[in-house]
Amino acid sequence: MKILKDYTKNLHHHVASIVERYIAEKTIEFCSEYMEKAKLVGISEYRYDERMGGKGSRGLYVITPSLEELHQVHLYILNNSNELLPYMLRHEALVKESNLKMTKNRVLKEHNKTFLNWFKDIIFGNHNASEMLRKLAYGPIRNVITWQGYDINKYSFYTKSQDNKSTMQNNGVSLWFKCKWVDNNIGV
């Protein structure tokens, strides 16, 4: 009641004053909620508004990288996963123990060369391993989807060959490689 009494502006017609102010407040609330959902009239929408999360826009191609490239990408993803750090350290220690006279550089090369197979054996032999670890051990599928143009964060990026066809240059990304895993729920 205190809030409604504060709406009183005209003391001679206080009930009408309260009703008038209450209706005005509810009308403003409705209009503000409606305006949030309404599209602007006369102002064109920015064409990238719905592409904040990234979307391929030109030249869809499916390529099959070489096994060496696939191996490098897979190893890169595993090296940058926090969940795999204990496995990485354990394998590196095993490589060091097997050849004590190896230099650090040689240990790293041997680790990179043998880690993927060792990791697969460990994960598929462990029935308690998480589903995420199993998917990471399995690795990416062979076919990779590429685009000549990609829209992300309200900007368009093109490959150099696609950008050469345009009068305005925007090829700020030199290489972008997306791995699509078997499950389709994990992407990097």
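This is a short walk through one chain, with most of the time spent on helix H5.

Okay, the overview. This is a predicted model. The chain has 188 residues, and 24% of them count as buried. It contains seven helices and five strands. Going along the sequence, the order is α-α-β-β-α-α-α-α-β-β-β-α. Now the contacts with a separation of 6 or more. Of those, 62% join residues 24 or more positions apart.

On to H5. This helix covers residues 104-125. It has 22 residues. From first C-alpha to last, H5 reaches 29 Å. The expected figure, at 1.5 Å a residue, is 32 Å, so the two are close by the definition of expected span. H5 also has a kink. The bend is about 50 degrees, and its centre is Phe115.

Which residues of H5 are buried? They are Val107, Glu110, His111, Phe115, Leu116, Trp118, Phe119 and Ile123. Note that Phe115, the centre of the kink, is on that list. As a general point, an α-helix has 3.6 residues a turn, so residues three or four places apart point the same way. What covers the buried residues of H5? The cover includes H3, helix H4 and helix H6. H4 is 85-98, and H6 is 131-138.

Take H3 next, residues 67-79. How do H3 and H5 pack? The angle is about 75 degrees, and the axes lie 11 Å apart. Roughly perpendicular means 65 to 115 degrees, so this pair falls in that class. From H3, the contact uses His71, His74, Leu75, Leu78 and Asn79. From H5, it uses Asn112, Lys113, Phe115, Leu116 and Phe119. By type, that contact divides into five nonpolar residues, four polar and one charged. Three of its H5 residues deserve a second look: Phe115, Leu116 and Phe119 make contact with H3, and they are also buried.

Now two single residues in H5. Start with His111, which sits in this helix. Is His111 buried or exposed? Its relative accessible area is 2%, and buried means under 20%, so His111 is buried. What does His111 touch, leaving aside neighbours within four places in sequence? The partners are Met88, His91, Glu92 and Val95.

Then Ile122, also in H5. Its relative accessibility is 24%, so Ile122 counts as partly exposed, between the 20% and 50% cut-offs. Again leaving aside neighbours within four places, Ile122 is in contact with Tyr87 and Arg90. One distance here. Ile122 and Ala137 are 15 residues apart in sequence, and their C-alpha atoms are 9.2 Å apart in space.

Last stop, away from H5. Phe157 belongs to strand S5, residues 155-158. Phe157 is partly exposed, at a relative accessible area of 24%. Trp147 is ten residues from Phe157 along the chain, with 9.9 Å between the two C-alpha atoms.

To recap H5. The helix kinks at Phe115. It packs roughly perpendicular to H3. Its buried residues are covered by helices that include H3, H4 and H6. That's it from me.

Definitions and conventions. Residues are numbered from 1 along each chain as its sequence is written. This is a predicted model: local features need pLDDT of at least 70, side-chain atom pairs count only at pLDDT 80 or more; totals for chains, interfaces and linings use all residues. Side-chain values use heavy atoms; hydrogens and water are left out. Axes are lines fitted to C-alpha atoms, for helices over the stretch in contact, and angles run from 0 to 180 degrees between N-to-C directions. Helices (H or I, at least four residues) and strands (E, at least two) are DSSP runs, numbered from the N terminus. Angles under 35 degrees count as roughly parallel, over 145 as roughly antiparallel, 65 to 115 as roughly perpendicular and the rest as oblique. Contact means heavy atoms within 4.5 Å. Ala, Val, Leu, Ile, Met, Phe, Trp, Tyr, Cys and Pro count as nonpolar, Asp, Glu, Lys and Arg as charged, and the others, Gly among them, as polar. The bend at a residue is the angle between axes fitted to the seven residues ending there and the seven starting there. Buried means under 20% relative accessible area, exposed over 50%, partly exposed in between (1.4 Å probe, protein chains only).
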